[in-house]
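Okay everyone, thanks for coming. Have a look at the screen for a moment, and then I'll walk you through what I found.

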Amino acid sequence: MKIAISCQGNDLNGDIDPRFGRAKGFLVCDTDTDTQEYIDNTQNLNAAQGAGIQSAQNVAATGATAVITGHVGPKAFTALDKGSIEVYLVGGGTVAEALSSFKDGKLEAAADADKPGHW
């Protein structure tokens, strides 16, 4: 299984990026092979609009079936949902901590966006 985690660094020790659409990048963790690949998302950091949708497309292109992030807006949530990508929200910490919580079954899939839009 591939899990895309919004991050401020480019490895497991980096902090979770609290924003999905405007995250600095995503660390895509493959739980089957225990490997990670960093996906840069800087093209969406300052986008006037559409950052969440474009980020969702970038994540889908990696083959990820789950996303762990701090917050997600309605357009991004809808795009991820249509791509059959589950969203898990965390309050912070490192990528490694979030991944561990996911593997241990401590995270619940979000039922909807937790932000109204741009923030």
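Let's start with a small puzzle: is threonine 94 buried or exposed? Before I answer, keep in mind that what you're looking at is a predicted model. Threonine 94 sits in the loop between strand 5, residues 86-89, and helix 3, residues 95-103. You might guess from the word "loop" alone, but let's check the number. Its relative accessible area is 18%, and the cut-off for buried is under 20%, so threonine 94 counts as buried. And who are its contacts? Leaving out residues up to four places away in sequence, threonine 94 touches Leu12, Asn13, Gly14, Asp15 and Ile16.

Now let's zoom out to the sheet. There are 5 strands, and they make an open sheet with mixed pairing, in the order 3-2-1-4-5. At the edges you have strand 3, residues 35-40, and strand 5, each of which pairs on one side only. Going from one strand to the next, the twist averages 25°. Helix 3 packs on this sheet, where it touches strand 1, strand 2 (25-30), strand 4 and strand 5. The direction of helix 3 makes about 145° with that of strand 1.

Let's take one pair of strands. Strand 1, residues 2-7, and strand 4, residues 66-69, run parallel, and 3 bridges join them. If you want a spot to click on, isoleucine 3 stands opposite alanine 66 in strand 4.

Okay, cysteines. How many disulfides does a search of the whole structure find? The count is 0. Why no bond for cysteine 7? Because the closest cysteine sulfur, the one in cysteine 29, is 8.4 Å from the sulfur of cysteine 7, and that's too far for a bond. For scale, a disulfide needs the two sulfur atoms within 2.5 Å. Both of these cysteines are buried, by the way: cysteine 7 has 0% relative accessibility, and cysteine 29 has a relative accessible area of 2%.

Next, the inside. The largest nonpolar core has 17 residues, and the ones that touch the most other members are Ala4, Phe20, Phe26, Val59, Val67, Val72 and Leu80. Strand 2, helix 1 (51-61) and helix 2 (74-82) are the elements that give two or more residues to this core. Helix 2 provides the largest share, 3 residues. Let's pick out valine 59: setting aside residues up to four places away in sequence, it touches Ala4, Phe20, Phe26, Ala64, Val67 and Ile85. Apart from this core lies another one, of 15 residues, and its members include Cys29, Ile68, Ala98 and Phe102. So yes, there's our cysteine 29 again, as a member of that other core.

Last stop, helix 2. Which residues of helix 2 are buried? They are Ala76, Phe77 and Leu80. These residues cover an arc of only 100° around the axis, so they end up on the same side of helix 2. That buried set packs against helix 1, strand 4 and strand 5. Over on the other side of helix 2, Lys75, Asp81 and Lys82 are exposed. And after helix 2 comes serine 84, with a positive phi, near 60°.

That's my tour. Any questions, just shout.

Conventions
Residues numbered from 1 in each chain as written. Predicted model: local features only at pLDDT ≥ 70, side-chain atom pairs only at ≥ 80, totals over all residues. Heavy atoms only, no water. Helix = DSSP H or I, 4+ residues; strand = E, 2+ residues; numbered from the N terminus. Buried < 20%, exposed > 50% of the residue type's maximum accessible area, 1.4 Å probe, protein only. Contact = heavy atoms within 4.5 Å. Pairing = 2+ DSSP bridges. Axes fitted to C-alpha atoms, helices over the stretch in contact; angles between N-to-C directions. Core = buried A, V, L, I, M, F, W, Y, C linked by side-chain atoms within 4.5 Å. Arc of directions from axis to C-beta.
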